[in-house]
Amino acid sequence: MALTDSYIHEVTRRIPENMRKDIALELRSTIDDMLPDNFSEEDEKGVLNQLGNPVILANGYADRPMHLIGPRYYDVYVTLLKMIVPIAAAISLLSIVTKYIISYKPNEAILSFILGIVGSGFVTMLEVGMTVFFWLTLIFAVAERINKDSDQQPLTFNLTKWTADDLKHIVPIPKKKEISKLSVFTNLMWIAIFTTLYFYANQIVGIYMTIADRLTFVMPAINQEVLQFYGPFVIFVIVLAVIFEIYKLLKHQWTKRMAVMNLLLQTVSTVLSIVIIKNANFLNPEFITFISEQFNLTNWQFNTWIIGGVVLTVIISAILGVYEGFKKASIRL
């Protein structure tokens, strides 16, 4: 009975101590009933093979899963993971970009500055992604072990059993109509970059020259006082833009309502941009004079051309954005 003793030991050592004696007696009785009189070692092996792997049997007695996250919670777990990780990564990247731009020193090499953002951004996003993954996995693993329901049918996102009624809330989304998490992530990143550039334009946007073998910021291109004057209005539009991106993330697809919201947002931001740019004091006079001399232009010519070009670019960009929104919203299956 050496094999039987080893088998019972392998089962009982994997279950709580207070259950071991009873389970050992039950198992030995079961095996004895299955064995013929005057059994051989081969007979014993056959019975133990029928009982199966002692690990599986032990987990059956202990009533605990042999997986970290089972089919009941797996789909909800993966869905939340796909939803939360990109948002957390985007927020962490925005914070890194903002931190680097705010702390930027005029005499700092641009290449070093960019590499610093890329390196720190990648490491931070990786750390945040791993942290979210760890805690979300831990929560669902604990839920898997707390749950005593033997039914392992996958749950819906609302943690209820699936029924045909759930199909009423599902609308197939054409690929071209879909809003990807990457596009929202990219837009949020650009919003952060624009915000930082706007409020620190006098330290970042302007003329750079090589002095003592180093690229040095020597002259701002924009009058920061003008930007600060319109600051509250710009912050309002930025908040609207962030809310709109979050709304896009939740909706997953372009709709007519979203296209109209995009039209209103583009209109407001375009009008505000033109008002700021058309301000007579928008550009730094020294910057205008410096560039005009480089290209043999009058200050009036340069100011007119640069302002006209920027305004035209803003208008065209807004029109394309609005057109793209309505185009995607009108796509049908």
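Select Ile84 in this predicted model, together with Val132 and Leu136. Leaving aside neighbours within four places in sequence, Ile84 is in contact with Val132 and Leu136. The position to look for is in helix H5, which spans residues 71-102. A C-alpha to C-alpha line drawn from Ile84 to Val132 covers 7.6 Å, although the two residues are 48 apart in sequence. Colouring by accessibility shows Ile84 as partly exposed, because its relative accessibility is 32%, which falls between the 20% limit for buried and the 50% limit for exposed.

**The whole chain**

Next, display the full chain as a cartoon. Its secondary structure comes to 13 helices and 2 strands. The chain has 333 residues, and 33% of them count as buried. The pair Ile84 and Val132, 48 residues apart, may be set beside a figure for the chain: among contacts with a separation of 6 or more, 73% join residues 24 or more positions apart.

**Helices H7 and H10**

Select residues 181-199 for helix H7 and residues 231-251 for helix H10. Two packed helices are described by the angle between their axes and the distance between the axes. For H7 and H10, the axes come within 10 Å and cross at roughly 170 degrees. H7 is therefore roughly antiparallel to H10, since angles over 145 degrees are classed in this way.

Now show the side chains of the contact. On the H7 side, select Lys181, Val184, Asn187, Leu188, Ile191, Phe194, Thr195, Tyr198 and Phe199. On the H10 side, the residues are Gly231, Val234, Ile235, Ile238, Ala241, Val242, Glu245, Lys248 and Leu249. Coloured by class, this contact has 12 nonpolar, 3 polar and 3 charged residues.

Stay with Lys248, which lies in helix H10. Is Lys248 buried or exposed? Lys248 is buried, because its relative accessible area is 6%, under the 20% limit. Beyond its neighbours within four places in sequence, Lys248 is in contact with Ile179, Val184, Asn187, Trp254 and Met258.

**From H10 into H11**

Follow the chain from H10 into the loop between H10 and H11, where His252 is found. Phi of His252 is near 70 degrees, a positive value in a residue other than glycine. With a relative accessibility of 36%, His252 counts as partly exposed.

For another positive phi, move to Asn38, in the loop between helix H2 (17-34) and helix H3 (41-51). Here phi is near 50 degrees, again in a residue that is not glycine. Asn38 is exposed, because its relative accessible area is 79%, over the 50% limit.

**Helices H11 and H13**

Select residues 256-277 for helix H11 and residues 299-329 for helix H13. Their axes are 8 Å apart, and the helices pack at an angle of about 175 degrees. H11 and H13 are therefore roughly antiparallel to each other.

Which residues of H11 meet H13? They are Lys256, Ala259, Val260, Asn262, Leu263, Gln266, Thr270, Ser273, Ile274 and Ile277. Opposite them in H13 are Ile307, Val310, Val311, Val314, Ile315, Ala318, Gly321, Val322, Gly325, Phe326 and Ala329. The residues of this contact divide into 14 nonpolar, 6 polar and 1 charged.

Centre the view on Asn262 in helix H11. Asn262 counts as buried because its relative accessibility is 6%. Setting aside neighbours within four places in sequence, its contacts are Phe244, Trp254, Gly321, Val322 and Gly325. Trp254 also appears among the contacts of Lys248.

**The largest pocket**

Finally, turn on a surface display and locate the largest pocket, which holds about 1600 Å³ of space. To find its centre, select Phe194, Ser269, Ser273, Val314 and Ser317, the closest to that point of the 46 residues in the lining. The elements that give two or more residues to the lining are H7, H10, H11 and H13. Which helix gives the largest share of the lining? H13 does, with 11 residues.

Coloured by class, the lining has 29 nonpolar, 12 polar and 5 charged residues. Some residues from earlier stops return here: Phe194 is among those closest to the pocket centre and takes part in the contact of H7 with H10. Likewise, Ser273 and Val314 are among the residues closest to the centre, and they belong to the contact between H11 and H13.

Definitions and conventions
Residues are numbered from 1 along each chain as its sequence is written. This is a predicted model: local features need pLDDT of at least 70, side-chain atom pairs count only at pLDDT 80 or more; totals for chains, interfaces and linings use all residues. Side-chain values use heavy atoms; hydrogens and water are left out. On a 1 Å grid over the protein atoms alone, a cavity is a set of points where a 1.4 Å probe fits but cannot get out, and a pocket is an open set with protein on both sides within 12 Å along at least five of seven lines; lining residues have an atom within 4 Å of a point. Grid points are joined across faces, edges and corners, and a volume is the space filled by probe spheres set on the points. Helices (H or I, at least four residues) and strands (E, at least two) are DSSP runs, numbered from the N terminus. Ala, Val, Leu, Ile, Met, Phe, Trp, Tyr, Cys and Pro count as nonpolar, Asp, Glu, Lys and Arg as charged, and the others, Gly among them, as polar. Buried means under 20% relative accessible area, exposed over 50%, partly exposed in between (1.4 Å probe, protein chains only). Contact means heavy atoms within 4.5 Å. Axes are lines fitted to C-alpha atoms, for helices over the stretch in contact, and angles run from 0 to 180 degrees between N-to-C directions. Angles under 35 degrees count as roughly parallel, over 145 as roughly antiparallel, 65 to 115 as roughly perpendicular and the rest as oblique.
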